[in-house]
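Visitor: I have a fold open in my viewer and I'd like some help reading it. Could you walk me through it, one feature at a time?

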Amino acid sequence: TDGMRSIGDVINLLKETKTDFLFLGWLRDRPYPESCLDLPLEQASICEEYGLSYEHFRDAVNKIKREKPDLIFTGGVALEFLYKKERNPMTGENFEQEETWEMALDPSKWGIDMSKEEFQCGFAKTVGWIGPEGKCPNVYDPKKVPAYFPDITNPKFQGLFLSWAKKQIDCGVDAIWIDMLFSQAVMLAKITGNPSHPAVKESFDAACEIVNEIHSYGYSKGKYIYVGSGAGFVRFPYPPP
């Protein structure tokens with residue numbers, strides 16, 4: 001669904017290469033609509049061309065599975081980007097900027113000497129939304145960046161993030177790759193200089209619980225869902241999920 005190949009071309013390629021594991025056949029790195037028809041005309045045209053809707057995704061996976069029923073199809077969810085306006089694809093609930101800002105990571109909630117604005121400004125610099133010459137947090141305005149780094153310990157964000165993974169399972173994936181699952185624990189360990197700090201442990205535990213919840217949802221659908229991520233957890237004195 002990349003705008004260059006038809007789904008038939010993709011299926012032929014998978015057959016010719018005898019593919020049994022397809023890694024990141026889909027990545028949720030921004031809000032996607034249920035159908036391209038839900039978007040304004042100009043956006044809908046791009047959506048149709050590149051297959052950027054859950055409707056396209058579900059149809060593609062179903063067609064692939066009809067021809068390659070034993071193929072393990074891996075979807076992906078980028079944890080590090082919480083856009084200013086978000087959507088729960090399971091319930092259709094929309095979240096505006098004030099609500100997503102509440103879900104953004106704030107190290108000071110654990111008593112760490114770093115404000116929410118300072119942390120989010122540093123993240124915005126890392127991804128290029130703020131130039132390197134800008135002085136944090138003075139140059140930061142949460143209304144002027146496209147997204148925030150979320151707080152994985154925030155219950156509202158946990159529910160929203162899980163909706164992105166559950167939707168992919170409903171669309172037919174067999175595995176979920178979570179980009180930067182342990183990144184919050186890694187960053188807080190670096191900021192505090194202490195991998196046993198409560199902020200680090202709570203962030204790590206929340207990441208593990210996300211994995212457990214995805215497995216549980218898969219079981220409820222009669223499937224075993226593989227879950228993968230980078231091995232950042234090996235730096236911590238805690239067992240992986």
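Visitor: How many helices and strands are there in the protein chain?

Guide: Before counting, keep in mind that this is a predicted model. The protein chain has 8 helices and 8 strands. As for overall size, its radius of gyration is 19 Å, close to the 18 Å that the globule rule gives for 241 residues, so the chain is as compact as a globular protein of that length. If you want a box for it, the C-alpha atoms fill roughly 55 × 45 × 30 Å along the principal axes.

Visitor: What share of the residues of the protein chain count as buried?

Guide: Of the 241 residues, 46% do. On the outside, the chain exposes about 12200 Å², and carbon and sulfur atoms supply 52% of that.

Visitor: And the contacts: what percentage join residues at least 24 apart?

Guide: Take the contacts between residues at least 6 apart in sequence: 71% of those join residues at least 24 apart.

Visitor: How far apart are the mean positions of the positive and negative charges?

Guide: They are 2 Å apart, for 27 positive and 35 negative charges.

Visitor: Let's try a helix. Which residues of helix H5 are buried?

Guide: Start with the general idea. An α-helix has 3.6 residues a turn, so residues three or four places apart point the same way. Now the case here: in H5, residues 116-126, the buried ones are Lys116, Phe119, Gln120, Cys121, Phe123 and Ala124. Their packing partners are helix H4 (97-102), strand S6 (147-148) and helix H7 (183-192).

Visitor: What comes just after H5?

Guide: Gly128, with a positive phi of about 90°. Further on, in the loop between H5 and S6, sits Pro137. The peptide bond leading into Pro137 from Cys136 is cis, with omega near 0°.

Visitor: How should I read backbone values like those?

Guide: Against the background: most residues other than glycine have a negative phi, and most peptide bonds are trans. Two non-glycine residues to look at here are Lys18 and Leu24, with positive phi near 50° for Lys18 and near 55° for Leu24.

Visitor: Where does Lys18 lie?

Guide: Lys18 is in the loop between helix H1 (7-16) and S1. Its relative accessibility is 67%, so Lys18 counts as exposed, the cut-off being over 50%. Leu24, on the other hand, lies in strand S1 and is partly exposed, with a relative accessible area of 32%.

Visitor: Now a buried polar residue. Why does Ser35 count as buried?

Guide: Because its relative accessibility is 9%, and buried means under 20%. Ser35 lies in the loop between strand S1 (21-28) and helix H2 (41-50). Setting aside residues up to four places away in sequence, Ser35 touches Ser53 and Glu55. With Glu55 there is also a side-chain to side-chain polar contact, at 3.5 Å.

Visitor: Is Asp174 buried or exposed?

Guide: Asp174 is buried, at 12% relative accessible area. You'll find Asp174 in the loop between helix H6 (155-170) and strand S7 (175-179). Beyond residues up to four places away, its contacts include Lys65, Phe73, Lys223 and Tyr226. The side chain of Lys223 makes a polar contact with the side chain of Asp174, at 3.4 Å.

Visitor: How do I compare separation in sequence with separation in space?

Guide: Put the two numbers side by side. Asp174 and Asp205 are 31 residues apart in sequence, and their C-alpha atoms are 24 Å apart. Cys208 and Pro241 are 33 residues apart along the chain, with C-alpha atoms separated by 4.9 Å.

Visitor: What does Cys208 touch?

Guide: Leaving out residues up to four places away in sequence, Cys208 touches Pro239, Pro240 and Pro241. Cys208 is in helix H8 (residues 198-220) and is buried, at 10% relative accessible area.

Visitor: One more: which residues is Gly228 in contact with?

Guide: Ile176, Trp177 and Ile178, once neighbours within four places in sequence are left aside. Gly228 belongs to strand S8 (residues 226-228). Its C-alpha atom is 8.6 Å from that of Asp179, which is 49 residues away along the chain. At 21% relative accessibility, Gly228 counts as partly exposed.

Key. Residues are numbered from 1 along each chain as its sequence is written. This is a predicted model: local features need pLDDT of at least 70, side-chain atom pairs count only at pLDDT 80 or more; totals for chains, interfaces and linings use all residues. Side-chain values use heavy atoms; hydrogens and water are left out. Helices (H or I, at least four residues) and strands (E, at least two) are DSSP runs, numbered from the N terminus. The radius of gyration is taken over C-alpha atoms; the globule rule is 2.2 Å times the number of residues to the power 0.38. Buried means under 20% relative accessible area, exposed over 50%, partly exposed in between (1.4 Å probe, protein chains only). Contact means heavy atoms within 4.5 Å. Accessible areas come from the Shrake-Rupley method with a 1.4 Å probe; for residues, only the protein chains shown count as cover. Lys and Arg count as positive and Asp and Glu as negative; His and the chain ends are not counted. The place of a charge is taken as NZ of Lys, CZ of Arg, CG of Asp or CD of Glu. A polar contact is a pair of N or O atoms within 3.5 Å; within protein, one must be able to donate a hydrogen and the other to accept it, and residues adjacent in sequence count only if both atoms are side-chain atoms.
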